[in-house]
Amino acid sequence: MAYNLLKGKRGIISGALNEESIAWKVALKAHEEGAEIVLTNAPLAMRMGEINKLAETCNAQIIPADATSVEDLENLFSKSTEILGGKIDFVLHSIGMSPNIRKGKNYGDLNYDWFQKTLDISALSFHKMMAVAEKQDAMNEWGSIVALSYIAAQRVFPDYTDMSQAKAVLESIARNYGYRFAKLKNVRVNTISQSPTMTTAGSGVGGFDAFFEYANKMSPLGNASAEDCANYCIMMFSDLTRKVTMQNLMHDGGFSSTGITEDIVEMISPKQ
């Protein structure tokens with residue numbers, strides 16, 4: 001059911017790879033709620049994915065952009081405002097990748113060049129995106145910028161390795177740029193710390209299936225799905241959350257506030 005929450009709004013959505021992607025579901029919801037959007041992803045990711053199908057469904061144009069390239073981001077924002085016919089009301093940063101995780105490097109044996117790439121792709125790109133938007137004056141007053149994070153920014157999950165640091169940097173950038181953008185244009189900046197989600201990126205982390213099940217048992221409401229996260233993003237893009245900024249918003253079925261659950265106790269208790 002649609003509520004026209006984004007009627008008349010313009011947005012940029014990054015990171016839609018395939019139908020499992022959170023960004024894909026956000027794009028569909030934004031379109032359903034009345035927004036006009038531009039889709040973007042790295043050229044390599046676009047060749048791997050199915051973004052053209054999404055663009056057709058959402059009546060959206062695609063602008064390839066490497067989020068680590070300021071030049072590409074400048075082109076993204078200038079062309080987006082041209083295509084959409086005005087300034088941007090919302091942006092989704094759904095970008096994250098660790099070469100160390102992809103190559104199976106453990107935390108004590110990280111390739112530091114790859115570590116820097118992890119930080120650049122997964123966190124510094126968020127700062128670059130907002131800095132370009134600021135310099136081009138591309139955001140509307142009371143706009144909303146959201147990045148997707150994970151609780152490994154605060155807690156240890158061994159197989160998440162250097163992505164843990166990237167998410168911590170991402171959340172710090174959201175707070176600092178959130179302050180700056182609020183003072184400049186009343187633009188709000190937040191991160192959403194999502195449950196482990198069955199996406200291409202999530203399932204690339206070692207032991208993901210086991211942890212997904214553990215998190216589900218540790219969450220009183222169960223894991224939040226990609227569809228649930230899309231709904232939350234739409235709320236954050238809407239005018240209903242105008243005074244929410246600089247927050248890391250936990251969207252995890254209660255996982256982050258739960259010490260232990262009956263399901264976990266039952267799972268680890270000796271069988272009689």
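1. Let's start with M267, which is partly exposed because its relative accessible area is 44%, a value between the 20% limit for buried and the 50% limit for exposed. M267 is found in helix α10. Please keep in mind that this is a predicted model.

2. M267 also has company on the surface. Together with Y214, I260, V265 and I268, M267 makes a nonpolar surface patch of about 460 Å². Helix α10, spanning residues 262-268, gives the largest share of this patch, with 3 residues.

3. Now for a strand that is mostly covered. Strand β5 runs over residues 139-149, and 8 of its 11 residues are buried. If you are looking along a strand like this, a general point may help: in a regular strand the side chains alternate between the two faces of the sheet.

4. Which strands pair with β5? One of them is strand β4 (residues 88-93), which runs parallel to β5 and is joined to β5 by 5 bridges. To find this pairing in the structure, look for I88, whose bridge partner in β5 is M139.

5. Strand β6 (residues 188-194) is another partner: β5 and β6 pair in the parallel sense over 6 bridges. Here a useful landmark is S149, which stands opposite S193 in β6.

6. Finally, follow the chain from β5 to β6. Helix α7, residues 161-185, joins with these two strands to make a β-α-β unit, and this unit is right-handed. Tracing this unit brings you back to the β5 and β6 pairing, with its 6 bridges in the parallel sense.

How values were computed
Residues are numbered from 1 along each chain as its sequence is written. This is a predicted model: local features need pLDDT of at least 70, side-chain atom pairs count only at pLDDT 80 or more; totals for chains, interfaces and linings use all residues. Side-chain values use heavy atoms; hydrogens and water are left out. Patches are made of residues with over 30% relative accessible area and no salt bridge: like charges are joined within 9 Å, nonpolar side chains (Val, Leu, Ile, Met, Phe, Trp, Tyr) within 5 Å. Accessible areas come from the Shrake-Rupley method with a 1.4 Å probe; for residues, only the protein chains shown count as cover. A salt bridge is a side-chain nitrogen of Lys or Arg within 4 Å of a carboxyl oxygen of Asp or Glu. Helices (H or I, at least four residues) and strands (E, at least two) are DSSP runs, numbered from the N terminus. Buried means under 20% relative accessible area, exposed over 50%, partly exposed in between (1.4 Å probe, protein chains only). Two strands pair if DSSP finds at least two bridges between them. A crossover is right-handed if, with the strands pointing away from the viewer, the path from the first strand over the helix to the second runs clockwise.
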